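Please walk through this structure with the model open beside the text. The route goes from single residues to the chain as a whole.

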Amino acid sequence: LVFGFWILNSKSKFLFAMLCTMGLGIALECTLRQRRKQQNTLLCHSTLWYGIQMTISYALMLIAMMYSYWLFLSVILGILMGNICNNNTGTFILPYSWIRRQKMRIRERKLKLRPIPEDDEEEEE
């Protein structure tokens, strides 16, 4: 390794490395979201976000290539957590369209349960 303090020789250092790896995964998803927002703006902004995204991606790849099961799992969990936090569906688990359909079905059931008033005029005809 380049620096001696990067050697993970204690549990606290290893746990810190796992948390930092998860943070990198979350940061990767944040840069992906920001890059999508910047797609139609200046080329230099999009290029800057692309450079940040690729730097984080390669850092995560190098961490995964250390063949440490726990660090690899931290990469995956960080990317998953970042995806959950940066998802644009409006909810964490269920898409907004599904929730809207369920509310409509409940509303329709309530309307069907109400007694329908009888019109005297229709019976006379």
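R109 sits in helix α4, which spans residues 96-113. The model is a predicted one. Is R109 buried or exposed? Its relative accessible area is 55%. The cut-off for exposed is over 50%, so R109 counts as exposed. R109 also has company on the surface. Together with R100, R101 and R105, R109 makes up a patch of positive charge there. Residues can join such a patch only if they have over 30% relative accessible area and no salt bridge.

Turn now to helix α2, residues 43-64. Two of its residues are worth a stop, Q53 and Y58.

Take Q53 to begin with. Its relative accessibility is 11%. Buried means under 20%, so Q53 is classed as buried. Which residues does Q53 touch, leaving aside its neighbours within four places in sequence? The contacts are L28, T31, L32 and R35. Helix α1 covers residues 11-37.

Y58 lies in helix α2 as well, but Y58 is partly exposed, at 48% relative accessible area. That value falls between the cut-offs of 20% and 50%, so neither buried nor exposed applies to Y58. On the surface, Y58 belongs to a nonpolar patch. The other members are M61, L62, M65 and Y67. Together the five side chains' residues, Y58, M61, L62, M65 and Y67, have about 610 Å² of accessible area.

Next comes helix α1, where R36 is found. R36 has a relative accessibility of 56%. That is over the 50% cut-off, so R36 is exposed. How far apart are the C-alpha atoms of R36 and W49? They are separated by 9.3 Å. Along the chain, R36 and W49 are 13 residues apart.

Now step back to the whole chain. It has 5 helices and 0 strands. Read from the N terminus, the order is α-α-α-α-α. What share of the 125 residues is buried? The figure is 18%, and Q53 is one of the buried residues. The chain exposes about 10,500 Å². Carbon and sulfur atoms supply 64% of that area.

Contacts give one last view of the chain. Consider those with a separation of 6 or more. Of these contacts, 61% are between residues 24 or more positions apart.

Note on methods: Residues are numbered from 1 along each chain as its sequence is written. This is a predicted model: local features need pLDDT of at least 70, side-chain atom pairs count only at pLDDT 80 or more; totals for chains, interfaces and linings use all residues. Side-chain values use heavy atoms; hydrogens and water are left out. Helices (H or I, at least four residues) and strands (E, at least two) are DSSP runs, numbered from the N terminus. Buried means under 20% relative accessible area, exposed over 50%, partly exposed in between (1.4 Å probe, protein chains only). Contact means heavy atoms within 4.5 Å. Accessible areas come from the Shrake-Rupley method with a 1.4 Å probe; for residues, only the protein chains shown count as cover. Patches are made of residues with over 30% relative accessible area and no salt bridge: like charges are joined within 9 Å, nonpolar side chains (Val, Leu, Ile, Met, Phe, Trp, Tyr) within 5 Å. A salt bridge is a side-chain nitrogen of Lys or Arg within 4 Å of a carboxyl oxygen of Asp or Glu. Lys and Arg count as positive and Asp and Glu as negative; His and the chain ends are not counted. The place of a charge is taken as NZ of Lys, CZ of Arg, CG of Asp or CD of Glu.
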